[in-house]
Amino acid sequence: MSINIAAIGYLVAAVFFILALRGLSSPATSRAGNRYGMAGMTIAIVITLLALPHAGIGTYLLIVLGIAIGGAAGFVIARRIEMTAMPQLVAAFHSLVGLAAVFVAAGAFLNPADFGITNLDGSIKGLSLVEMGLGTIIGAITFSGSVIAFGKLQAKLPPGAEALVPGFLKPAVAAAMSSRPIMLPARHAINIAIGLVILLLLVAVTATESGTAFVLMTLLAFAIGVLLIIPIGGADMPVVVSMLNSYSGWAAAGIGFTLQNPMLIVTGALVGSSGAILSYIMCRAMNRSFFSVILGGFGETAAAAADTGDKTVKSGSAEDAAFIMENAQKVIIVPGYGMAVAQAQHSVRELYDTLTKKGVEVRFAIHPVAGRMPGHMNVLLAEANIPYDVVFEMEEINNEFGQADVAYVIGANDITNPAAKTDTSSPIYGMPVLDVDRAKAVFFVKRSMAAGYAGIDNPLFYMDRTMMLFGDAKKMTEEIVRSVEG
Amino acid sequence: MEAIDPGIFNLIIFVLAIFVGYYVVWSVTPALHTPLMSVTNAISSVIIVGALIATGAGGAAAVFGFLAVVLASVNIFGGFAVTERMLAMFKKRG
């Protein structure tokens, strides 16, 4: 196949990828968008296979085998994964793209002639080495960073995998998988030093084509990926996952420059900007700068400052909550990460059904950083068959809390904290929050009085109109449903 | 006039594609941000193109190429399938 025909095919694939993203502008067109994505990928793979310069039947069999192994594994994982585990899954998938980028760069480094990146004397073109090096570094950071992010989201190893970890590594693995930030002393200095060495090695690779320098550079990039993510706490994961999404795109673009392949460049740019926009949206929703999130350690210092005076809270039972809810006209449900942890989305759906049947208007309010990744809550509610037209984003619904009879907060804390609006000394001051405090009654499902992620007290708990419902989110919601029905 | 270097062409494509991405992604509804991540993840596995070339090159490059084909395939099939699964759940009232 001529290289120009192949390039036209890549153009078609790239357009399909743009249409895939475009489809996500509304749930109605989203599935068509996903099909465009699949079509684009199929075209890209077929064109590349047809254009392979001197591949024999053995090569094609090897490729089919590789696609079959990987494809089967991917398909099974995609079918079995719990929706609550979606953040971990996305992090795991990011790590694979990163590692694939490293492998492709290694292949190009070892066999540059087949990639068409050699000078006449057989050495690799200088610019190609820089592009390849950058692709490798970003790919390696994406890989190891995503592995750590996966660990923090998963929180603990499945029993089978835990047995495989050698004893002396167990404490390190447990610490890395904890959602608590790990703060190494002088971590910024360490990171900057490693970053500089990586850059020096990149220069060495470009100047000398040294394989040793290439390997060292890759290993250090893996190391810095780990060091960058360990100081970041669990609830900042929406930013981290978005950022790694972005990195996986830039890694693909870097490889695209190496291969002189416009489709990889276009796709990498699309994915890179997508992840960057999501990171921006997440940071804005926390009123924090990207750098403050990435530098990590949030929540560690604030915890000490938490005010624990002897204020009284009013606690109630499921029956009390049920009585008020079924006599309400309008109930707004605010889900948070706790709903995901308790797997309570299906009980929430029952509550929605029961109250709707009684003529109560039920709506859902989603804060952009509720959960552990962008859109996490929306997927869980959709999984539980809650129609998406009763689910609203913060800006759409915030002025409706004033007319709501009940705000039912389930497993969310900081995103409802009115201190963010009024208390200039609060670490989350300025963060946009859901105006739950304006509802006529607030029900807060919570396991205990422990503070939220940011380690700060929530004045909402002590309001006269607030009733605390202590217990598991799922059990409590089920009990309320039973009381309303009974 | 002398011809433009292909590297510059690639840079032009890259910058324009970032702008396309910027405007397309801002139009994505926030409710679908999780499927957005899983689908961008699937399409970034188009890096399989490089993996196929490496496998076709033979020798030591083919070993890395094959491994990259496997990893990217996990992502392609897994990413599109899980996106499909999620999108199928989003339903309207009634």
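The mean positions of the 30 positive and 33 negative charges of chain A lie 3 Å apart. Lys and Arg count as positive here, Asp and Glu as negative, while His and the chain ends are not counted. Each charge is placed at NZ of Lys, CZ of Arg, CG of Asp or CD of Glu.

This is a predicted model, in which local features need pLDDT of at least 70, side-chain atom pairs count only at pLDDT 80 or more, and totals for chains, interfaces and linings use all residues. Residues are numbered from 1 along each chain as its sequence is written, chains are lettered from A and ligands numbered from 1 in the order in which they are written, and side-chain values use heavy atoms, with hydrogens and water left out.

**The two chains**

Chain A holds 20 helices and 6 strands. Helices (H or I, at least four residues) and strands (E, at least two) are DSSP runs, numbered from the N terminus. The radius of gyration of chain A is 25 Å, close to the 23 Å from the globule rule for 486 residues, so chain A is as compact as a globular protein of that length. That radius is taken over C-alpha atoms, and the rule is 2.2 Å times the number of residues to the power 0.38.

Chain B has 4 helices and 0 strands. Its radius of gyration is 18 Å, well over the 12 Å that the globule rule gives for 94 residues, so chain B is more spread out than a compact globule.

The table sets the chains side by side. Buried means under 20% relative accessible area, exposed over 50%, and partly exposed in between (1.4 Å probe, protein chains only). Accessible areas come from the Shrake-Rupley method with a 1.4 Å probe; for residues, only the protein chains shown count as cover.

| Chain | C-alpha extent along principal axes | Buried residues | Exposed area |
|---|---|---|---|
| Chain A | roughly 80 × 50 × 40 Å | 55% of 486 residues | about 19,400 Å² |
| Chain B | about 60 × 40 × 15 Å | 64% of 94 residues | about 3,600 Å² |

Carbon and sulfur atoms supply 64% of the exposed area of chain A and 75% of that of chain B.

**The interface**

In chain A, 101 residues are in contact (heavy atoms within 4.5 Å) with 75 residues of chain B. The two chains bury about 7,900 Å² between them, 78% of it on carbon and sulfur atoms. Buried area is the accessible area (1.4 Å probe) that two parts lose on being put together, summed over both. A:Leu24, A:Met41 and A:Phe103 supply 8% of the area that chain A buries against chain B, more than any other three residues.

A:Asn245 lies in helix α10 (residues 237-259). It is buried, at 0% relative accessibility. Beyond its neighbours within four places in sequence, A:Asn245 has contacts in both chains, including A:His94, A:Ser274, B:Met37 and B:Asn41.

**Single sites in chain A**

A:Ile332 sits in strand β1 (residues 330-335). It is also buried, at 0% relative accessibility. Its contacts, leaving aside neighbours within four places in sequence, include A:Arg363, A:Ile397, A:Phe401 and A:Tyr408.

Most residues other than glycine have a negative phi. Which residue between α8 and α9 lies in the loop? A:Glu209 does, between α8 (187-208) and α9 (211-229). Its phi is positive, near 60 degrees. A:Glu209 is partly exposed, at 30% relative accessibility. A:Gln343 also has a positive phi, about 55 degrees. It is found in the loop between α15 (337-341) and α16 (345-357).
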